[in-house]
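Okay, thanks for coming, everyone. Let me put the structure up, and then we'll walk through it piece by piece.

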Amino acid sequence: MARPIWKGSISFGLVNIPIQLETAVREKTVSFHMLSKDGSCRLRRKLYCPDTGKEFDYDDTARGIEVAKDEYVLVDDKEIENIKPEKGRSIEIEQFVKLEEIDPIYFDRVYFVTPSEGSAKAYRLLHEAMKESGRIGLARFVMRERQNVAAIRVMGEGIVLHTMHYADEVLSLEDSLPGTLAKAKPPTKELQVARQLIDAMTHPLDFEQFKDDYRDQLEELIERKKSGKKTVEVSDDHDDAPLPRTINLMDALKRSLVTSKPRRAAAARVSATRHPRRKSA
């Protein structure tokens, strides 16, 4: 069982449910350290003034916000303490909405919500009520000195919490799209074949087939180097080569449709092997 990172309660109306939050995702990345060329010394960064070269201890530093080029406003730690959100222990559900009302772009991190000792009955009540309603809760709470907005939803037999980005943190996609996109309408025949291609590429999800090949190869490389084995030189990837561009849309769609059918059949066979149908009595 994971170690709780936050303890408190979920409240909706006058109902309070003691709960705790646990980490739901543990990202697997390979981290490197900066070393000297021969690997004999791990290098450290230092705080220094680039104009004078003078070094500073962390205790001799202050927080500042750049308001113009090379112009800063200093903010004292006591001033920050005065406006920090209170360290509450309550996740207050303020309203319920349908999940499809929230675009996934707003979701940030996810945590498991587990019942504290003696709150299993109230926890199950909230779980079943949300499950039957088909809705999720929107709440606010404070964690790690940050006021969070969160989505609380049912997952299997339990409840999960997603911290979310605020509306003013999410940029507008329309501002990034070129103005010519509105005039670019797909040809009718190509659109029909594209829909067929989507149908041909649709099969039961097996998320375990999506693996981080780079991380696996990097971990294999590290194991070989730990064992003193020689490694293979890798040629350049030619990143400067021009990106491929489809000239004939219809021809590319038809060839894609032909090659996708065997893949769909293979995926169906794998799914049938992992999830065989039960024979009727």
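So, K46 counts as exposed, because its relative accessibility is 51% and the cut-off for exposed is over 50%. This is a predicted model, by the way, so keep that in mind throughout. Now, what does the side chain of K46 meet in a salt bridge? The partner is E55, and the N to O distance is 3.4 Å. The general idea is that side chains of opposite charge can pair when their charged atoms come close.

There are others. The count of salt bridges comes to 10, and two that I like sit in helix α4, which covers residues 213–226.

Take E219 and R215. Their side chains form a salt bridge at 3.7 Å, N to O. Why are they about one helical turn apart? Because they are four residues apart in α4. Are the two ends buried or exposed? R215 is buried, because its relative accessible area is 18% and buried means under 20%. E219 counts as partly exposed, at 37% relative accessibility.

Then there's the pair E223 and K226, again a salt bridge, with 3.5 Å from N to O. These two are three residues apart in α4, so about one helical turn separates them. K226 is exposed, with a relative accessible area of 62%, while E223 comes out as partly exposed at 44%.

One more before we leave charges: R124, E128 and E157 are joined up in a network of salt bridges.

Okay, on to the strands. How many strands close into the barrel? Seven, and if you want to trace them on the screen, go β1, β2, β6, β9, β8, β7, β5. The pairing is mixed. From one strand to the next, the twist averages 40 degrees.

Let's look at where that order starts. Strand β1 is residues 6–12, strand β2 is residues 15–23, and the two pair in the antiparallel sense over seven bridges. If you'd like one bridge to look for, I10 has I17 in β2 as its partner.

While we're in β2, find T23, which is in that strand. T23 counts as partly exposed, because its relative accessibility is 32%. Which residues does T23 contact, if we skip its neighbours within four places in sequence? I5, Y111 and F112. And here's something you wouldn't get from reading along the chain: T23 and R109 are 86 residues apart in sequence, yet their C-alpha atoms are 9.2 Å apart in space.

Now the inside. The largest nonpolar core has 19 residues. Which of them have the most contacts inside that core? I19, L21, I91, I152 and L161. Several elements each supply at least two residues of this core: β1, β2, β5 (90–98), β6 (107–115), β7 (135–143), β8 (146–155) and β9 (158–164), plus the helix α2 (120–133). Apart from that core lies another one, of seven residues, and V97, I102, V149 and M164 are among them.

Last stop is L21, one of the residues with the most contacts inside the largest core. Leaving out residues up to four places away in sequence, L21 touches P4, I5 and W6, then I91, then Y111, F112 and V113, and also F141, M143 and L161. Remember I5, Y111 and F112? Those are the contacts we saw for T23.

That's my tour, thanks for listening.

Key. Residues numbered from 1 in each chain as written. Predicted model: local features only at pLDDT ≥ 70, side-chain atom pairs only at ≥ 80, totals over all residues. Heavy atoms only, no water. Pairing = 2+ DSSP bridges. Axes fitted to C-alpha atoms, helices over the stretch in contact; angles between N-to-C directions. Core = buried A, V, L, I, M, F, W, Y, C linked by side-chain atoms within 4.5 Å. Buried < 20%, exposed > 50% of the residue type's maximum accessible area, 1.4 Å probe, protein only. Contact = heavy atoms within 4.5 Å. Salt bridge = Lys/Arg side-chain N within 4 Å of Asp/Glu carboxyl O.
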